[in-house]
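Here are some notes to read beside the model. They cover the sheet, the helices packed on it and the charged pairs.

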Amino acid sequence: MLEVLGLDKPAQALYLVLVDNPPMCVDELCHRLDIDVEVALQALMRLEDGGLISRLPGSIPSYTALPPDHALEVLILARERDIHRVRALAERLTERHREARRGRDSAALIEVVTGRDGVARCGQQLFKRAEREIRGIDAPPYAQASDGERVNSATEVVGRTVRSRFIHARDTLSVPGVVARVEADISAGEEVRFLPEAPMKLIIADDQAALIPLLATPQVLDACILVHPSALLDALSTLFESLWGQAQPYLPGAPASVSPDEFVNDEERQIISLLAMGMSDEAIARQLGIGHRTVQRRVQALLGRLGAASRFQAGVLAASRGWWQPDQERPGGPSGLRGQAGHIGP
């Protein structure tokens, strides 16, 4: 852990021994850690220069650890100052980079990426380079690298504080297993919304790059356009935000208390949740792995019990009676952890 403060393994090991013990000489430290004397002396010198330990006088010098709260704080502050200077340099270099390209040929603002592997690798790079937010419109077909690796934020964004927002076409809910995967994504912090139809595939990383298919409705995703900062990238960002505002948040059903004289099982809650999303009986049957006619009977039974005149009204009435409690969409989770193979770029 202390390597982030510039301490290598020998220095870390020596420091931790000195923290846990009274002053020790070089021979004692070498014996304790089974390291060479020269290695120990070099590491002790680095620790002393860093203000973490102190050398005590005597015929045989010994070393002791200084109070870690003060000693480590000095190193942390120094590292923060270094990071601040690097960030300031990055901002200046970014501005120089933009200025140098401001007058370049407009053709250089976009790149055509060809081949399934090339498209997949380009999508992976977008996820890796994102520092603040990944936005996208998710729809098949999906790219896949030659080694079989798919492009998704589950593997590329996990563990990073990158906001993830994706729009899906409502028809994708009819694909078996999608509902469970979307709910897992939402639980992991991703924001998901649905439109009746997805106009295109799209991935945008930090307003710095976007990836869109070369063809409007590709059967195979083997050619894409990589868009660099430009009016086109601004337009794609505006398009996404406009669609995001129109899209319907997905509200998975959560258990809610019901009155003692009523009972709603988990399957009925799932049916109500999918009804509220406007899914057909056939699509619900595929998601739940039960027969189409079984779903029809249960939907009619639920409508009767609720006194609902429509399927959507059934969802509203179910929520009002506590049969199903829609989860509220969270405003930007830590990272878009993707359980499905999707977000495949674009």
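The points below start with the sheet and end with the salt bridges.

1. Please keep in mind that this is a predicted model. The points that follow describe that model.

2. Start with the sheet. Eight strands make it up, and it is open. The order runs β4-β10-β9-β8-β5-β6-β7-β11, with mixed pairing. The edges are β4 (110-114) and β11 (248-249). Each has a single partner strand, so one side of each lacks a neighbour in the sheet.

3. Look next at the β4 edge. Here β4 pairs with β10 (residues 223-227). The sense is antiparallel, and there are five bridges. Within this pair, Val113 sits opposite Cys224 of β10.

4. Two helices deserve a look against the sheet. Helix α5 packs on it and touches β4, β5, β6, β8, β9 and β10. The direction of α5 makes about 150° with that of β9. Helix α8 lies across β4, β5, β6, β7 (191-195), β8, β9, β10 and β11. It runs at about 70° to β6.

5. Now the charges. How many salt bridges does the structure hold? There are nine. One of them joins the side chains of Asp117 and Arg121, at 3.5 Å from N to O. Both residues belong to helix α5 (residues 116-129). They are four residues apart, about one turn of the helix. Asp117 is partly exposed at 28% relative accessible area, and Arg121 is partly exposed at 27%.

6. Which residue forms a salt bridge with Arg135? The partner is Asp207, with the closest N and O atoms 2.5 Å apart. Arg135 is in strand β5 (residues 133-138), while Asp207 is in the loop between β8 (202-205) and β9 (209-213), so the pair ties together parts 72 residues apart in sequence. Arg135 has a relative accessible area of 4%, so it counts as buried, the cut-off being under 20%. Asp207 is partly exposed, at 41%.

7. Arg165 and Glu241 also meet through their side chains in a salt bridge, 2.6 Å from N to O. This pair links distant parts of the chain, 76 residues apart. Arg165 lies in strand β6 (residues 163-169) and Glu241 in helix α8 (residues 231-246). Arg165 is buried at 5% relative accessibility. Glu241 is partly exposed at 33%.

8. Please view the last two pairs together. Arg135, Asp207, Arg165 and Glu241 are among the members of a salt-bridge network. Glu133, Arg163 and Glu191 are linked in it too.

Methods:
Residues are numbered from 1 along each chain as its sequence is written. This is a predicted model: local features need pLDDT of at least 70, side-chain atom pairs count only at pLDDT 80 or more; totals for chains, interfaces and linings use all residues. Side-chain values use heavy atoms; hydrogens and water are left out. A salt bridge is a side-chain nitrogen of Lys or Arg within 4 Å of a carboxyl oxygen of Asp or Glu. Buried means under 20% relative accessible area, exposed over 50%, partly exposed in between (1.4 Å probe, protein chains only). Two strands pair if DSSP finds at least two bridges between them. Contact means heavy atoms within 4.5 Å. Axes are lines fitted to C-alpha atoms, for helices over the stretch in contact, and angles run from 0 to 180 degrees between N-to-C directions.
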